[in-house]
Amino acid sequence: MKNQISQLLVLLLAVMTSHAQVSPVDPLQISRLRCNYQVDPLGVETPRPALSWQLVSAGRNQKQTAYRVLVADNAAALANRQGNLWDSGKQVSDQSIQVAYGGKPLLAGKVYYWMVQVWDQAERLSAWSAPASWQMGLLTNADWGNARWIALSTIPDSARIVPFIHAPEEARKLGNRKVARHALPQFRKELTVVKPLKRATAFISGLGHYELSLNGRKVNDHFLDPGWTNYNQYCLYATYDITASLRKGVNVVGVLLGNGFYSIPNERYRKMTGTFGDPKLIAKLLLEFTDGTTAELVTDQSWKTTASPVTYSSIYGGEDWNATHEQTGWQRAGYQDASWQMPLLVQGPPQVRSQTAPPVKIMDTFAPVRISQPKPGIWIVDLGQNASAIPQISVRGKAGSVVKITPGELLGADSLVTQESSGGPHFYQYTLAGKGTETWHPLFTYFGFRYLQIEGAAPDKALMRQANSARISAPTNPANVPVLTDVRGLHVRSSAETIGGFTSSNELFNKTFQLIDWAIRSNVVSVMTDCPHREKLGWLEETHLMGGSVHYTYDLATLLPKIIQDMQAAQLPNGLIPDIAPEFTAFDEGFRDSPEWGSAGVILPWYAYQWYGDRQLLADSYAMMTKYVDYLSHKATNYLLTHGLGDWYDLGPKHPGKSQLTPKGITATAMYYYDLTILERVATLLGKPTEADRYRQMAAAVKKTFNGAYYNPATRQYGTGSQTANAMPLYMNLTTPETKAAVTENLLKNIRATDYRLTAGDVGYRYLLRALEDAGASEVIYRMNNRSDVPGYGYQLAHGATALTESWSALRDPSNNHFMLGHLAEWFYSGLGGIQQAEDVPAFKAVVIRPALVGDMSSASARYQSPYGLIRSEWQRTDKTITLTVEIPANCTAKVYLPASSAAAVSESGQPVVGNASIQLVDNEKSKPVVAIGSGIYTFTIVR
């Protein structure tokens with residue numbers, strides 16, 4: 001059915017071009033020029049960058065029929081409409097995304113300028129777009145020139161502890177080999193600019209993380225740069241335009257380094273411990289002058305280094321800053337650094353690649369909603385929201401005084417912060433310099449918390465009033481400790497653009513959407529983590545199971561290639577893709593080898609293609625995909641797999657963990673089959689028919705064996721008949737035409753028999769929702785989730801959760817800010833909003849609008865900024881009418897399933913749908929009309 005819809009949509013695009021009424025308003029306008037998904041990106045390393053643009057028109061049924069791209073190596077040439085590097089000429093094509101650059105070779109560090117114009121279906125030529133640009137990165141190791149890795153200290157290779165040791169259970173394996181406490185360095189270098197600058201660029205990597213400043217001001221708003229990777233294979237560098245930060249005369253470059261995942265100390269909490277080495281830095285500053293000359297500043301032994309005020313830093317344990325160690329003026333010209341050391345020249349990772357994923361930034365600020373004093377000298381700050389964050393304090397007091405800050409998700413019975421759900425001890429210590437009001441926050445770590453426990457300082461009256469704590473008596477300070485004048489929580493996460501949103505008349509669903517969204521926000525950094533505190537690891541099942549829920553709301557087009565690189569780096573010679581990537585430590589059994597997790601190596605590249613149309617990413621991933629499926633094939637016994645974690649954290653009689661209700665063979669083998677069906681499609685797409693046929697035959701063999709092993713003809717169900725056991729075969733097409741209807745009916749029957757309670761876990765619940773939506777059973781999804789009396793989203797909210805919890809039952813001991821189980825957000829968009837994409841037409845060029853009007857809901861609204869432009873679906877219903885507003889971007893088509901008894905009951909913008917020149921009645925589904933439309937805004941009114 002889906003393939004028929006896809007073929008019909010493609011056909012309709014051609015039909016509508018020749019027959020539909022095209023608004024004669026204005027020619028197409030061009031906006032949102034992107035190179036490799038980004039606006040004016042820096043650090044581009046691909047030899048043929050992918051260019052994209054969006055088309056805007058006030059008219060309907062607008063499309064592009066041809067384009068012309070110009071690329072030049074200087075802005076003046078482009079202004080004269082000269083593409084001295086590439087002039088594509090008029091290309092008869094409707095392609096407006098993923099247009100590969102086809103000009104002369106591109107050079108490292110160079111800036112390139114481009115623009116585009118298009119023709120519409122009436123052969124009207126648009127105006128040229130505004131110019132855009134991109135800057136190339138450093139394409140080879142040689143492009144770093146004389147830049148060297150420098151460090152304050154180093155360790156011998158024998159002292160490296162890689163892979164890391166899982167702690168505390170396996171800490172004994174370290175024996176006497178402890179991760180030595182090293183001083184965290186700061187570096188300085190003076191740079192003299194004697195001529196007018198045209199452009200200045202910094203290429204920099206500091207391991208584990210760095211803070212770059214020029215003349216005492218931070219260069220950018222990034223946090224935890226660079227993203228973490230498998231440092232044995234490669235690390236990332238960032239590229240910054242620093243033109244505005246430099247001045248004529250002497251400038252000072254300053255850099256601080258922190259540990260991150262590069263080195264994890266033994267002290268305080270750690271999920272694992274180990275080290276790739278001591279912190280190190282490499283940088284190249286490229287200066288281009290208006291007279292056409294260039295100059296470089298690189299890291300070498302002419303720099304100076306010393307220990308920084310960061311006296312402890314751990315990605316797991318927290319961070320300490322001793323302000324009495326600050327060296328006043330070290331970032332100003334003329335500072336006397338004779339006591340500083342000459343840095344050591346050291347080795348870094350074998351490859352340094354450009355960081356193109358959205359940087360982590362401070363994205364929100366939380367003020368206290370309540371401050372309490374449960375015990376003398378201990379203050380609890382409630383920030384109102386559980387999020388990935390760092391604390392920031394403003395304090396005044398005596399030099400040498402220490403303020404300790406302990407974050408946590410929950411409070412214990414004693415009203416103090418407890419870290420039972422998040423791992424501890426994790427805390428921060430700030431030692432005051434004693435110079436007026438001092439403001440500080442950590443630089444190289446973060447945590448997941450709602451509450452801050454503060455010791456060694458007391459809030460002033462203004463801060464108490466700000467926190468709405470008038471009912472608490474004015475704070476006393478008999479010990480004369482430092483005074484807090486401000487406390488904040490700074491939410492840190494990926495700065496990926498927000499491109500979608502959902503709201504409805506159902507307030508529980510609106511709150512559920514926010515609950516899930518806060519878990520997404522808190523766990524998308526340079527990887528997709530499970531939680532922002534206890535582990536911070538990239539558990540791979542989340543990347544595909546939560547894919548729809550994330551992609552509708554956030555643009556992850558540049559993060560997915562980084563995650564795929566992490567998987568490629570983690571893949572073992574035998575083909576296994578571990579459950580986590582980067583794989584800093586090797587877990588045991590299913591926690592390293594579970595098909596539901598490792599299959600991300602096959603599923604994620606395919607999903608990236610579906611969402612963003614990136615065929616090159618598929619080609620680059622193909623070897624990894626095939627190698628992993630070969631691994632599963634060798635692991636299988638008679639085409640069946642029975643290992644792994646199964647439906648993790650399903651809702652059974654025991655404490656959640658490994659699958660309780662569904663045999664692991666069902667989920668593992670179903671994923672194996674799904675991988676094979678994807679590889680068949682990818683091989684076909686990449687022009688590999690022989691390989692596609694092999695995967696088709698393998699999939700058929702797996703399907704036959706799977707049904708023989710798990711399908712029960714007597715009960716007409718799979719395995720135990722659990723929600724997961726029946727839903728996965730339905731969604732993945734493991735059922736046969738003869739059994740699909742019966743399995744669907746039994747799935748629905750079982751849900752009704754258990755009073756619409758959900759039981760599926762991390763793996764199965766996504767497929768349960770997909771299977772129910774495909775079966776037209778969104779009413780069942782509504783009934784399962786529109787409640788707070790049994791474990792689920794509403795239950796978590798009723799028990800005080802402000803971010804999605806790890807367990808359906810909102811248990812205290814697991815994480816209370818967790819990425820998994822948020823699958824319902826996908827249904828908010830695709831089910832209630834009805835925004836779907838046609839199969840085999842990537843990037844939403846062919847849209848399906850099929851809203852589900854369920855329960856007593858009176859309205860729902862969903863919007864999604866697709867690669868082609870904004871898609872919007874909004875509906876309202878009263879006793880007499882239903883109104884559906886649909887917006888489709890130019891260069892796209894849509895098929896709209898109207899919630900009406902007949903086409904005669906439908907009008908659009910006051911005109912009957914029947915006979916409307918810009919709308920075509922194409923089908924009926926269960927006696928409900930289906931129409932095809934082109935781009936534009938449509939308002940359908942249905943008389944009930």
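A residue is called buried under 20% relative accessible area, exposed over 50% and partly exposed in between (1.4 Å probe, protein chains only). By this scale D120 is buried, with a relative accessible area of 1%. The model examined here is predicted, so to keep to its more confident parts, local features need pLDDT of at least 70 and side-chain atom pairs count only at pLDDT 80 or more, while totals for chains, interfaces and linings use all residues. Residues are numbered from 1 along each chain as its sequence is written, and side-chain values use heavy atoms, with hydrogens and water left out.

D120 belongs to strand β7 (residues 111-120); strands are DSSP runs of E with at least two residues, numbered from the N terminus. A polar atom of the D120 side chain lies 2.9 Å from the backbone nitrogen of A122. Leaving aside residues up to four places away in sequence, D120 touches P27, L28, Q62, K63 and T65, contact meaning heavy atoms within 4.5 Å.

Turning to the sheets, two strands pair if DSSP finds at least two bridges between them. One open sheet of five strands has the order β14-β13-β16-β11-β21 with antiparallel pairing; its edge strands, β14 (217-218) and β21 (304-307), each pair on one side only. Within this sheet, eight antiparallel bridges link β11 (residues 185-193) to β16 (residues 249-258), and R188 has G254 in β16 as its bridge partner.

A further open sheet of five strands, in the order β40-β41-β45-β49-β48, shows mixed pairing. Because β40 (835-837) and β48 (920-925) stand at the edges with a single partner strand each, one side of each is left without a neighbour in the sheet. β48 runs antiparallel to β49 (residues 928-933), joined by five bridges, and Q920 stands opposite A932 in β49.

Methods: Helix = DSSP H or I, 4+ residues; strand = E, 2+ residues; numbered from the N terminus. Polar contact = N/O pair within 3.5 Å; in protein donor to acceptor, adjacent residues only side chain to side chain.
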